[in-house]
Amino acid sequence: MNTAKHKNLLWFKVDMILEKKINKIISNQLQGNFLFYSWRDPNNASSCFFIKMINSETSFLFNQSNEAIIGIIPSILSRSFVVGDKLSWGGLNHFLGFLFIREVISEIPGEV
């Protein structure tokens with residue numbers, strides 16, 4: 001990942017849970033650096049980039065918590081995210097699961 005390109009993102013360590021069974025196409029998309037959305041209210045979502053898994057495989061398993069680092073495009077909504085928040089995540093009009101914000105990261109992660 002080009003950290004210079006993403007230096008203005010808000011960085012978070014999160015636990016991501018995949019709560020919806022997915023097909024192989026979506027499963028393959030979740031294994032790389034992908035764009036997704038997070039929200040409290042589905043009518044107001046933030047654009048997010050999946051950066052990397054921490055201490056686990058690179059794929060999501062159904063109903064299992066995965067610790068990850070994500071970058072979120074700054075907005076009024078994303079600036080309101082705090083440690084302990086539970087947010088939904090997925091694609092446009094496509095709920096995939098929940099994420100729990102564990103830590104706000106002030107420095108760009110070294111090896112992403």
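**Exercise 1. How many of the eight residues of strand β4 (residues 65–72) are buried?**

*Solution.* The structure under study is a predicted model. A residue counts as buried when its relative accessible area is under 20%. By this criterion, six of the eight residues of strand β4 are buried, and the strand is mostly covered.

**Exercise 2. Identify the strands that pair with β4, and give one residue contact for each pairing.**

*Solution.* Step one concerns strand β1 (residues 10–18), which pairs with β4 in the antiparallel sense over eight bridges. Within this pairing, Trp11 has Gly71 of β4 as its bridge partner.

Step two concerns strand β3 (residues 44–53). Strand β3 also runs antiparallel to β4, with five bridges between them. Here Lys52 stands opposite Ile69 in β4.

**Exercise 3. Locate the salt bridges between strands β1 and β6, and classify the residues by burial.**

*Solution.* The structure holds three salt bridges. Side chains of opposite charge can pair when their charged atoms come close.

Step one: Lys13 and Glu103 form a salt bridge through their side chains, at 3.5 Å from N to O. Lys13 belongs to strand β1 and Glu103 to strand β6, so this pair ties together parts that are 90 residues apart in sequence. Lys13 has a relative accessibility of 22% and therefore counts as partly exposed. Glu103 is likewise partly exposed, because its relative accessibility is 36%.

Step two: the side chains of Asp15 and Arg102 meet in a salt bridge with an N to O distance of 2.7 Å. Asp15 lies in β1 and Arg102 in β6, so the pair joins parts that are 87 residues apart in sequence. Asp15 counts as buried because its relative accessibility is 15%, whereas Arg102, with a relative accessible area of 43%, is partly exposed.

**Exercise 4. Which parts of the chain does the salt bridge of Arg40 and Asp85 link?**

*Solution.* The side chains of Arg40 and Asp85 meet at 2.8 Å, N to O. Arg40 lies in strand β2 (residues 35–41), and Asp85 lies in the loop between β4 and β5 (86–91); the two residues are 45 residues apart. As to burial, Arg40 is partly exposed at 44% relative accessibility, while Asp85 is buried at 15%.

**Exercise 5. Which elements have the lowest and the highest mean pLDDT?**

*Solution.* The protein as a whole averages a pLDDT of 81, and 76% of the residues score at least 70. Among its elements, helix α1 (residues 24–29) has the lowest mean, 66, and strand β6 (residues 94–105) the highest, 93.

How values were computed: Residues are numbered from 1 along each chain as its sequence is written. This is a predicted model: local features need pLDDT of at least 70, side-chain atom pairs count only at pLDDT 80 or more; totals for chains, interfaces and linings use all residues. Side-chain values use heavy atoms; hydrogens and water are left out. pLDDT is the predictor's confidence in each residue, from 0 to 100. Helices (H or I, at least four residues) and strands (E, at least two) are DSSP runs, numbered from the N terminus. Buried means under 20% relative accessible area, exposed over 50%, partly exposed in between (1.4 Å probe, protein chains only). Two strands pair if DSSP finds at least two bridges between them. A salt bridge is a side-chain nitrogen of Lys or Arg within 4 Å of a carboxyl oxygen of Asp or Glu.
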